[in-house]
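Subject: The structure for you to look at

Hi,

Here is the structure I promised to pass on. Have a look at it first, then read my notes below.

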Amino acid sequence: MLIDVAIEKVQGLISFFNQYRETGFSNAVEAATEIALDMDIGTIFRKKRQIKRKRHFDENPDDSSAAAESLEDLFRRNYFIPIVDQAISSLTTRFEQYQGYKKIFGFLFTSDALRSLDNKSLKCCCHHLGAALKRDGQSDIDADDLYVELIFLQDFIPQENKGPIEILNFLKRHACFPNATIAYRILLTIPVTVASAERSFCKLKLLKTYLRTTMTQERLNALALIALESGMLDKIDYEYIIEDFVSKNAKRISLYK
């Protein structure tokens, strides 16, 4: 099943990045140095200008015994570690999401998994699925009808182990499993509903091109959020926001009028 494969791959990636966070910086520096040499680019970390500040009389002098942090250490702490942590956090969220899908739809993954359930367990799974698919008091399926259909399907489906696509094709040839057909159609559309990360990368390519390389991270995040949530943005009442902003300051009110 695709979700089982995805869970295994995501779990492997999380383990890899956890190890890479501790030991991968030196390898990354070596690889980047080789690429820079091939491209005839300098391999020395850029040093920022030190800003001198007048020390007040009541301040303690800097501890001279403390070693100054190297540029590589600064890069590792301020850039490398946050990027890897963000990757681990995103993968962990995806892993938990897949685990949630497996908990809800797991009994439908294969025909063997469906046949392995007794009547009590199957009924419990059907009601759990019906509750998960309920919105505004209405569910896409009837849990009790789904239970009856799957009880019949356990004996009616061929004995060889089949995946959800083969089971759905089998159901389409028989018009007596409406709830089961809907359940399998929803199951097979799950990989499409978790593509938000890929969609965000496509938007970033449009927002930050080689002509906009000086764009700050804060501005890029704001523009990306606007582009990704354009549907929500269309529903915003700008007049109300402007009036609320102006009403909080007397000077703004005079300028706005």
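**What I found**

Let's start with one short helix: Arg 115 and Asp 112 both sit in helix H3 (residues 111–115), 3 residues apart, which is about one turn of the helix. Helices here (H or I, at least four residues) and strands (E, at least two) are DSSP runs, numbered from the N terminus. The side chains of Arg 115 and Asp 112 meet in a salt bridge, 3.0 Å from N to O. By salt bridge I mean a side-chain nitrogen of Lys or Arg within 4 Å of a carboxyl oxygen of Asp or Glu. Side chains of opposite charge can pair when their charged atoms come close.

Before going on, a word on where the numbers come from. This is a predicted model, where local features need pLDDT of at least 70 and side-chain atom pairs count only at pLDDT 80 or more, while totals for chains, interfaces and linings use all residues. Residues are numbered from 1 along each chain as its sequence is written, and side-chain values use heavy atoms, with hydrogens and water left out.

**More salt bridges**

How many salt bridges does a search of the whole structure find? There are 4. One of them joins Asp 85 to Arg 21, with the closest N and O atoms 2.5 Å apart. That pair links distant parts of the chain, as Asp 85 is in helix H2 and Arg 21 in helix H1, 64 residues apart. Asp 85 is partly exposed at 30% relative accessible area, and Arg 21 is partly exposed too, at 24%. For these words the cut-offs are: buried under 20% relative accessible area, exposed over 50%, partly exposed in between (1.4 Å probe, protein chains only). Back in H3, Arg 115 is partly exposed at 21%, and Asp 112 is partly exposed at 37%.

Another salt bridge is formed by the side chains of Lys 162 and Glu 160, at 3.5 Å from N to O. Salt bridges that share partners also join Arg 21, Glu 22 and Asp 85 into one network.

Is Lys 162 buried or partly exposed? Lys 162 counts as buried because its relative accessibility is 19%, whereas Glu 160 is partly exposed at 46%. You'll find Lys 162 in the loop between H5 and H6. Leaving aside neighbours within four places in sequence, Lys 162 is in contact (heavy atoms within 4.5 Å) with Phe 109, Thr 110, Ser 111 and Ile 167.

**The inside**

Now for the nonpolar cores. A core is a set of buried Ala, Val, Leu, Ile, Met, Phe, Trp, Tyr and Cys residues joined through side-chain atoms within 4.5 Å. The largest one has 32 residues, and those with the most contacts inside it are Leu 108, Leu 129 and Leu 150. Which elements give two or more residues to this core? They are H1, helix H2 (71–105), helix H4 (119–132), helix H5 (143–156), helix H6 (164–172) and helix H7 (178–188). H2 gives the most, with 5 residues.

Take Leu 150 as an example: apart from neighbours within four places in sequence, Leu 150 touches Phe 107, Leu 108, Leu 114, Leu 122, Cys 126 and Ala 180. A second, separate core of 6 residues includes Phe 25, Val 29, Phe 80 and Ile 81.

Cys 126 is itself buried, with a relative accessible area of 0%. The search of the whole structure finds 0 disulfides (pairs of cysteine sulfur atoms within 2.5 Å). For Cys 126, the nearest cysteine sulfur is that of Cys 125, 7.0 Å away.

**The outside and the whole chain**

On the surface, Ile 236, Tyr 238, Tyr 240, Ile 241 and Ile 242 make a nonpolar patch of about 490 Å². Patches are made of residues with over 30% relative accessible area and no salt bridge: like charges are joined within 9 Å, nonpolar side chains (Val, Leu, Ile, Met, Phe, Trp, Tyr) within 5 Å. Ile 242 lies in helix H12 (residues 238–246) and is partly exposed at 36%.

Zooming out, the protein chain has 13 helices and 2 strands. Buried residues make up 23% of its 257 residues. The chain exposes about 19300 Å², with carbon and sulfur atoms supplying 56% of it; accessible areas come from the Shrake-Rupley method with a 1.4 Å probe, and for residues only the protein chains shown count as cover.

Happy browsing!
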